[in-house]
Amino acid sequence: MRYLIFFVLLFINLAVLAQNEQLARNYVEQGEYAKAKAIYEKLYKKQKFNTTYFMGLVNAHQQLEEYKEVESLLLEKIKQSPQFPNTYIELGHNYELQDKITEANTYYQEALALIDQNPNSAYIIGSTFQKYNKLDEAITAYEKGMSLNPKSNFDIQLARLYGEQGNIEKMFNSYLDLVNKNPQYMITANRNIEQFISEDPYNDGNVILKTLLLKRLQQDPKVLYNEMLSWLFIQQKEYKKAFLQEKAVYLRTQETLEGIIDVALIAIEDNDNDAARDILSYIVEEARLPETKLRAHELKLGLDIKNATPKHWDDIEDEFSSLFQTYGKSIETMSLQIAYANFLAFKKEQTASAISTLKNLLDQDKNRFQEATIKMALADILVLDEKFNQALIYYSQIQNIVKNNTLSQEARFKVAKTSYYKGDFSWSETQLDVLKASASQLIANDAMELSLLIKDNSLEDSTQTALKKFAKADLLTFKGKNEAAIAVLEEILIQHKGEKIEDEALLRQANLFIEAKEFEKAEANYKKIITFYPTDILGDDAYYGLAKLYDEHLARPEDAKANYEKVIFDYADSIFYVDARKRYRTLRGDAIN
């Protein structure tokens, strides 16, 4: 019973102390340091060895400029516990607050000298110096600690300190040392290094990092340096150089082609088709697994189709036939058969053959995700063929086959989009309202955009005449008939001038003009939105689109910067804000992204 009472009283006492400490912290946050000091004094008297109470009391005194009291407290603490090196730094800081630099440096040096007696104290000394932004002293502490105790590792702390000092070379070397000791830190190192490099290979940070990696490769040819060089070249969008590094890794390890495949996929995404084709050709030659070789063939075919004109279609059809002869038409070649169906439908306009191909594929033994994927492709082609009701049936089936999956959310969005194409705007809105809370941010954003389009252009036009034309233009774009889509949008701009839908039509048309390489027409559209609809929801789209147009197609960097600036300063909540800021800084020549 006595023990129970003891523990109950102890618990109550600790709870009271915790409450008082929180109250003292609140006073500090409110700037009421005298009240905070009174509480910390009581707490410290009760628990002399509680460092939190002690430092709270020290801080309160210092805020009240009661430096003599702090000096007495710290000297007493040093006398009681001379083995605690951070107390010397606190005393030095107290002198520095009084501009007594000589006395401050004396105690800083005493703290550093304690590392000789106990190398394990380097961390607490270095971190305390960091707390007061004493970068040189913190670096000295960490370097001394690592010198005296080779088992200690302060590379990450040193890297950050060198970075704060602007010593990029030393910072990079520290991160490389860290990765060399433990390759698991490569992602962390790259994430931090990324702040000091850019897409420009001649940027100082890029040049320094490349030089250090090449030098290390010569002295100690480890594959991790090849991997980091590959990563650097990817940041610089030099995919052929990244491929050479990944190739070196593969030839030395003979383990996997995954690194090379990743570079190929990034090059495809960035539209560097020349590099992608070279990399995929190598994968086809080297791949040991049939599925890897087939995947490379598929990706190459995708590049061919993307850039093909009708005169190339027979050659592409022959390539598909050759691959089917080699790999067959089973469920294992599902993605190849879907690609073939899309080629037939979207390029050759042979929708009946495409639908037949996919229906035959559905007859194969398959799991539910494969079934959902095939039905998605089939529904898309039915939309292309304007068989909207049949497409809606398949999209709805997918939602039941793979419930609570991204595919299900995508299918629901396509139900909304198909309903929109056919002019059933009410049902489309019903689906979109559900999707606004989608776990997929991309789908949620697309749903919000389409929902706003329908709502905004239904209020003033009860017949929804302009919106139906706009949906027709979007359907034509989906079909790849961009010229026809541009014509329909032009009709809207003439017949519905001044209506709510005008800025939407201008933006859609501008984007299609860019695909058609009619850059001056795109520029004119963006400028019309900025002139007549600067405060509407598409203002940031217009400024960002115009900036990219100047940046990527018209070689007008100053105009691009001016328009990126508008996004940055006038549309801080824009989805384009982050990319606009990055592109602006690149154009300005900043060393740090």
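Let's start with helix 8, residues 135-148, in this predicted model. With 14 residues at 1.5 Å a residue, helix 8 should span 20 Å, and its end C-alpha atoms are indeed 20 Å apart, so the expected and computed lengths agree. Which residues of helix 8 are buried? They are L135, E137, A138, I139, A141, Y142, G145 and M146. Look at the spacing of those numbers with helix geometry in mind: an α-helix has 3.6 residues a turn, so residues three or four places apart point the same way. As for what sits over the buried residues of helix 8, the cover includes helix 6 (101-117), helix 7 (122-131), helix 9 (155-165) and helix 10 (168-181).

From there, zoom out to the packing as a whole. In soluble globular proteins, nonpolar side chains tend to be buried together. Here the largest nonpolar core has 99 residues, and F320 and Y420 have the most contacts inside it. Helix 21 (residues 368-384) provides the largest share of this core, 10 residues. There is also a second, separate core of 84 residues, with I39, V58, I78 and I283 among its members.

Y420 is a good place to park your viewer for a moment. Leaving aside residues up to four places away in sequence, Y420 touches F425, S428, L450, L453, I454, L467, F470, A471 and D474. Y420 also falls within the span of helix 23 (406-421), and that helix brings us to the pockets, since helix 23 supplies at least two residues of the lining of the largest one.

That largest pocket has a volume of about 1,600 Å³. It is lined by 42 residues, and D446, E449, R508, N511 and D541 lie nearest its centre. Besides helix 23, at least two lining residues each come from helix 25 (441-456), helix 26 (465-478), helix 28 (502-515) and helix 30 (539-552). Which helix gives the most? That's helix 25, with 9 residues. Sorted by class, the lining of the largest pocket holds 19 nonpolar, 9 polar and 14 charged residues.

The second largest pocket has a volume of about 760 Å³. Its lining takes 22 residues, and those closest to its centre are E199, Q235, K237, D579 and K582. Helix 13 (223-235), helix 30 and helix 32 (577-588) each put at least two residues into this lining, and helix 32 accounts for the largest share, 8 residues. By class, the lining of the second largest pocket comes to 6 nonpolar, 4 polar and 12 charged residues.

K237 deserves a second look. This lysine lies in the loop between helix 13 and helix 14 (239-253). Is K237 buried or exposed? Neither, quite: its relative accessible area is 34%, so K237 counts as partly exposed. Its backbone is worth checking too. Most residues other than glycine have a negative phi, yet phi of K237 is near 60°, a positive value. N271 also has a positive phi, near 65°, and is not a glycine either. You'll find N271 in the loop between helix 15 (258-269) and helix 16.

Carry on into helix 16 (residues 273-286) and you reach E285. E285 is at 61% relative accessibility, and that is why it counts as exposed. To finish, try a distance across the chain: E285 and A296 are 11 residues apart in sequence, and their C-alpha atoms are separated by 9.7 Å.

Terms used. Residues are numbered from 1 along each chain as its sequence is written. This is a predicted model: local features need pLDDT of at least 70, side-chain atom pairs count only at pLDDT 80 or more; totals for chains, interfaces and linings use all residues. Side-chain values use heavy atoms; hydrogens and water are left out. Helices (H or I, at least four residues) and strands (E, at least two) are DSSP runs, numbered from the N terminus. Buried means under 20% relative accessible area, exposed over 50%, partly exposed in between (1.4 Å probe, protein chains only). A nonpolar core is a set of buried Ala, Val, Leu, Ile, Met, Phe, Trp, Tyr and Cys residues joined through side-chain atoms within 4.5 Å. Contact means heavy atoms within 4.5 Å. On a 1 Å grid over the protein atoms alone, a cavity is a set of points where a 1.4 Å probe fits but cannot get out, and a pocket is an open set with protein on both sides within 12 Å along at least five of seven lines; lining residues have an atom within 4 Å of a point. Grid points are joined across faces, edges and corners, and a volume is the space filled by probe spheres set on the points. Ala, Val, Leu, Ile, Met, Phe, Trp, Tyr, Cys and Pro count as nonpolar, Asp, Glu, Lys and Arg as charged, and the others, Gly among them, as polar. The expected span of a helix is 1.5 Å times one less than its number of residues.
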